[in-house]
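Colleague: I'm new to this one, so could you take me through a single part of it up close? Here it is.

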Amino acid sequence: MSDTFHAAFTSKTVGMNRELIVSKSHLNPDDRILVVDDFLSSGSSQEALLRIISEAGATAVGVAVLLEKNYDSGRKFLSGFNVPVESMVRVASLKGGVIQLMEEDGFEEF
């Protein structure tokens, strides 16, 4: 399948090795790509996509996720790509069945 990009990764969610396959017709060197995903845990699936983007010669401009498990190493794992990583909600812990969220500074009022 020479008309596709491939990147293997280990999925923490399903507990097995997976492979991302993207058609070469979907990525061009002049593309600027924001990776959007639901969860950031280990960062392995986002890292696989960033490898494909790099292989295509395109530019990754960031990673955006709905929920980040801050107690996992995903953000650190992606740091080598030098792209911003943003999340809507950051979970600090799940101890004792209680979800503890990270508190962050809010926006300035205008």
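Where is the place of N82?

Modeller: Keep in mind that this is a predicted model: local features need pLDDT of at least 70, side-chain atom pairs count only at pLDDT 80 or more, and totals for chains, interfaces and linings use all residues. Residues are numbered from 1 along each chain as its sequence is written, and side-chain values use heavy atoms, leaving out hydrogens and water.

N82 belongs to the loop between helix 2 (74-78) and strand 5 (helices are DSSP H or I runs of at least four residues, strands E runs of at least two, numbered from the N terminus). Its phi is positive, about 55 degrees, although N82 is not a glycine. N82 counts as exposed because its relative accessibility is 71% (exposed is over 50%, buried under 20%, partly exposed in between, with a 1.4 Å probe and protein chains only).

Now follow strand 5 onward: the loop between strand 5 (85-93) and strand 6 (100-101) holds I99. I99 is exposed too, because its relative accessibility is 57%.

Strand 5 also has a place in an open sheet of four strands, ordered 3-4-5-6 with mixed pairing (strands pair if DSSP finds at least two bridges between them). At the edges sit strand 3 (32-40) and strand 6, each pairing on one side only. Strand 3 runs parallel to its partner, strand 4 (residues 59-69), over eight bridges. If you'd like one bridge to look for, D37 is partnered with V65 in strand 4.
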